[in-house]
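Trainee: Could you take me through one part of this protein closely? I would like to start from a single residue and work outwards.

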Amino acid sequence: MQKISVFPQFCRIFLPKEHSRSILCSLKKPKTPLGWSVIQRRGFSGQNLERRGVQVTPWGWILLVIPATTFGLGCWQVQRKRWKENLIADLEQKAKQPPAELPENLEDLGKMEYRPVILRGHFLHDREIYMGPRSFIQHGDATSRSGVFSKQGNTTGYLVITPLKLEGREEIILVNRGWVPRNLLKPSTRQDGQITKPVELVGIVRLGENRPQFSPESKGDHFLYRDLSKMCSITGADPYFVDADEASSVPGGPIGGQTRVTIRNEHLSYIVTWFSLSAATGIIWYRQILRRKAL
C-alpha cells in the first residue's frame, strides 16, 4: 500500500506557492545530529571535534600530566606519612624497653638512640650548662597545666645539663637532668637538688643535633639545641648525651623525663597541598580542554 504524505499535500493546496516551496525544501534537508549541533553552537573548531565529543589535542594531553603528577605525589605522601608514624611509634616503644647496661665501648651508643641505659657515677655540678628555653614535658608532651608550675612559679624554663663522671671509668658523659623553671635556673636557688653523692639512674640515649635553620649560635653556657661538640668543649665531657628519666628527679632539683621523640612529620600538610593542586588543576583541565569554558 502506498504511503500518502499528507503534510506536503496540505502545504501545496492551502499555502501560497513561495511559502510552501520553502517549507518543503526544509523538510527534505537531512537532520543534524543533536550532539553535532550543540558542539557547532559552542564554536569548536572542526579539527578538534568528533561527531559526539571533543578530540583532545596532544598539547591537552601534555597538560593532563600536571593533575596526574600531583595526584601521584599526594598518594606518595600518604605512604610516607604512614611510614613516619610507624617509625615514631617504634622509637617510642624503644624508649620504653627495659634499661640496658652502659656498653664498655661508648661508641656503641651511636647505634642506641632512644634506648634506656643504666648510668652510675657522680655529677660535676661546677660544669653545669643549660639548654632552652623549653616548656615542661609531661608524658612526652609539652604542657602548661601541671602542678609543678603552680609550685615553682613559672611556665617556661631550661634543661639542666650536667656532666657525669662514670663510676670506675675515665669517661664523662652529659646528662640532661631535667627541667627547671626560669626562676630556679641558678644552682644557688636549688641547693637541695645538687646531689654530691654517687648516683645510679636510667637515661635515654640521645644523639647530637644540627643547628636549626635561622637559629642563632649558642653563647656561653646557654644552648638552644644539642650542640655536642661545643657542649663537650666547654664541659670537658665525651660526646655522649642522655636524658635522665623521671625517676631520677629529686625534691628541689630538675624534673627528669624530658624526652620527646622529635622526628619531623609534616606529611599531612604535603598531602593536603598535593591533592588540592591535583583537584584544582584537574578541574581547570576539564573546563578548558574538554568543555572549552573560560575560567
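Mentor: Start at Ile173. Leaving aside residues up to four places away in sequence, Ile173 touches Leu106, Leu119, Thr162, Pro163, Leu164, Leu166, Ala237, Asp238, Tyr240 and Val242. Keep in mind that this is a predicted model.

Now widen the view. Ile173 is among the residues with the most contacts inside the largest nonpolar core, which has 18 residues. Leu109, Val117, Leu119, Leu164 and Val175 are the others named for their contacts there. Two or more residues of this core come from each of these strands: β4 (116-123), β8 (157-166), β9 (172-181), β10 (199-206) and β12 (241-244). A second core lies apart from this one. That core has 16 residues, including Leu159, Leu174, Phe223 and Phe241. There is a general pattern to remember here. In soluble globular proteins, nonpolar side chains tend to be buried together.

Look next at β10. Six of its eight residues are buried, so β10 is largely enclosed by the rest of the structure. Which strands pair with it? One is β4: six bridges join β4 to β10, and the two run antiparallel. Within β10, Gly203 stands opposite Val117. Recall that Val117 is one of the well-connected core residues. Another partner is β12, which pairs with β10 over four bridges, again in the antiparallel sense. Here Val205 stands opposite Val242 in β12. That brings us back to the start, since Val242 is one of the residues that Ile173 touches.

Now check the backbone around these strands. Most residues other than glycine have a negative phi, and most peptide bonds are trans. Tyr114 has a positive phi, near 70°, and is not a glycine. Find Tyr114 in the loop between β3 (100-101) and β4. Tyr114 has a relative accessibility of 3%, so it counts as buried. Phe214 also has a positive phi, about 65°, without being a glycine. This residue sits in the loop between β10 and β11 (222-223). Is Phe214 buried or exposed? Its relative accessible area is 78%, so Phe214 is exposed. The peptide bond between Gly132 and Pro133 is cis, with omega about 10°. Pro133 belongs to strand β5 (residues 129-134).

Step back to the whole protein. Its secondary structure comes to eight helices and 12 strands. There are 295 residues, and 36% of them are buried. Take the contacts between residues at least 6 apart in sequence: 66% of these join residues at least 24 apart. The exposed surface is about 18800 Å², and carbon and sulfur atoms supply 56% of that area.

What about the cysteines? The whole structure has zero disulfides. Cys75 has 32% relative accessibility, so it counts as partly exposed. Cys232 has a relative accessible area of 11%, so it is buried.

Finish with confidence. The average pLDDT is 81, and 75% of the residues score at least 70. Over residues 29-52, pLDDT stays under 50, and the model gives this stretch 24 contacts beyond four places in sequence. Residues 144-153 also have a pLDDT below 50, with 17 contacts beyond near neighbours in sequence.

Notes. Residues numbered from 1 in each chain as written. Predicted model: local features only at pLDDT ≥ 70, side-chain atom pairs only at ≥ 80, totals over all residues. Heavy atoms only, no water. Disulfide = S-S within 2.5 Å. Buried < 20%, exposed > 50% of the residue type's maximum accessible area, 1.4 Å probe, protein only. pLDDT = per-residue confidence, 0-100. Contact = heavy atoms within 4.5 Å. Areas by Shrake-Rupley, 256 points an atom, 1.4 Å probe, with all protein chains shown as cover. Core = buried A, V, L, I, M, F, W, Y, C linked by side-chain atoms within 4.5 Å. Pairing = 2+ DSSP bridges.
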